[in-house]
Amino acid sequence: MSRYENTKSKIVNGRTYYKTTIYSEVPLRNDDIYIITQTGDRLDNLAYEFYGSPSHWWFIAKVNGLSSMNVEGGLQLRIPKSIQNAIGT
């Protein structure tokens, strides 16, 4: 699943322009996983470990209010069990 799969776009003079993608909130669930990061952890590696694809790093960032795939050690992160809420409109 691509991050922008459901994002509306238009083509002008051969260039594609994407509209703003809006993602719903990800509700807390009993099966969410909580981890404490270690020095050197990155969200793309965590996404690969938990979802099988490094391209879902942005979903972990969104859920935790982060804007970068690099994280400091000792940070508690919530990892949703499923990426079903990773669909934007």
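A cavity, as I use the word here, is a set of grid points where a 1.4 Å probe fits but cannot get out, and its lining residues are those with an atom within 4 Å of such a point.

**Entry 1: cavities.** The model I have open is a predicted one, and I began with its enclosed spaces. I looked up how many cavities of 30 Å³ or more the structure holds, and the count came to 2. The largest cavity takes in about 80 Å³ of space. I then listed its lining, which consists of Val 26, Pro 27, Arg 29, Asp 31, Asp 32, Pro 80, Lys 81, Ser 82, Gln 84 and Asn 85. Sorted by character, the residues of this lining come to 4 charged, 3 polar and 3 nonpolar.

**Entry 2: the chain as a whole.** I next went through the secondary structure and noted 4 strands and 2 helices in the protein chain, which follow one another along the sequence as β-β-β-α-α-β. The protein chain has 89 residues, of which 30% count as buried. Its exposed area is about 6100 Å², with carbon and sulfur atoms supplying 48% of that area. For contacts between residues at least 6 apart in sequence, I noted that 63% join residues at least 24 apart.

**Entry 3: aromatic rings.** Which residues do the ring pairs link into a cluster? I found Tyr 51, Trp 58 and Phe 59 joined in this way, and the structure holds 2 aromatic pairs. In the pair of Tyr 51 and Phe 59, the ring centres are 6.2 Å apart and the planes stand at 55°, so I entered this pair as tilted. Trp 58 and Phe 59 form an edge-to-face pair, with 6.0 Å from centre to centre and 70° between the planes. I also checked how far these residues are covered: Phe 59 has a relative accessible area of 0% and is therefore buried, Trp 58 counts as buried at 5% relative accessibility, and Tyr 51 is buried as well.

**Entry 4: Ser 53.** I looked for Ser 53 and found this residue in the loop between α1 (43-51) and α2 (57-63). Is Ser 53 buried or exposed? Its relative accessibility is 18%, and because buried means under 20%, I entered Ser 53 as buried. With neighbours within four places in sequence left aside, Ser 53 is in contact with Ala 47 and Tyr 48.

**Entry 5: Lys 62.** This residue has its place in helix α2, and at 27% relative accessibility Lys 62 counts as partly exposed. Where sequence neighbours within four places are set aside, I listed Tyr 23, Ser 24 and Glu 25 as the residues in contact with Lys 62. For one of these, Tyr 23, I noted the separation from Lys 62 in both senses, namely 39 residues in sequence and 9.0 Å in space from C-alpha to C-alpha.

**Entry 6: Asn 13.** My last look was at the backbone of Asn 13, which is found in the loop between β1 (9-12) and β2 (15-18). Its phi is near 50°, a positive value in a residue other than glycine. I set beside this the general expectation that most residues other than glycine have a negative phi. As for cover, Asn 13 has a relative accessible area of 79% and is therefore exposed.

Technical notes:
Residues numbered from 1 in each chain as written. Predicted model: local features only at pLDDT ≥ 70, side-chain atom pairs only at ≥ 80, totals over all residues. Heavy atoms only, no water. Buried < 20%, exposed > 50% of the residue type's maximum accessible area, 1.4 Å probe, protein only. Contact = heavy atoms within 4.5 Å. Areas by Shrake-Rupley, 256 points an atom, 1.4 Å probe, with all protein chains shown as cover. Phe/Tyr/Trp six-rings, centres within 6.5 Å; stacked < 30°, edge-to-face > 60°. 1 Å grid on protein atoms, 1.4 Å probe; cavity = no way out; pocket = protein on both sides within 12 Å on 5 of 7 lines; lining within 4 Å. Points joined across faces, edges and corners; volume = space filled by probe spheres on them. Nonpolar A, V, L, I, M, F, W, Y, C, P; charged D, E, K, R; others polar.
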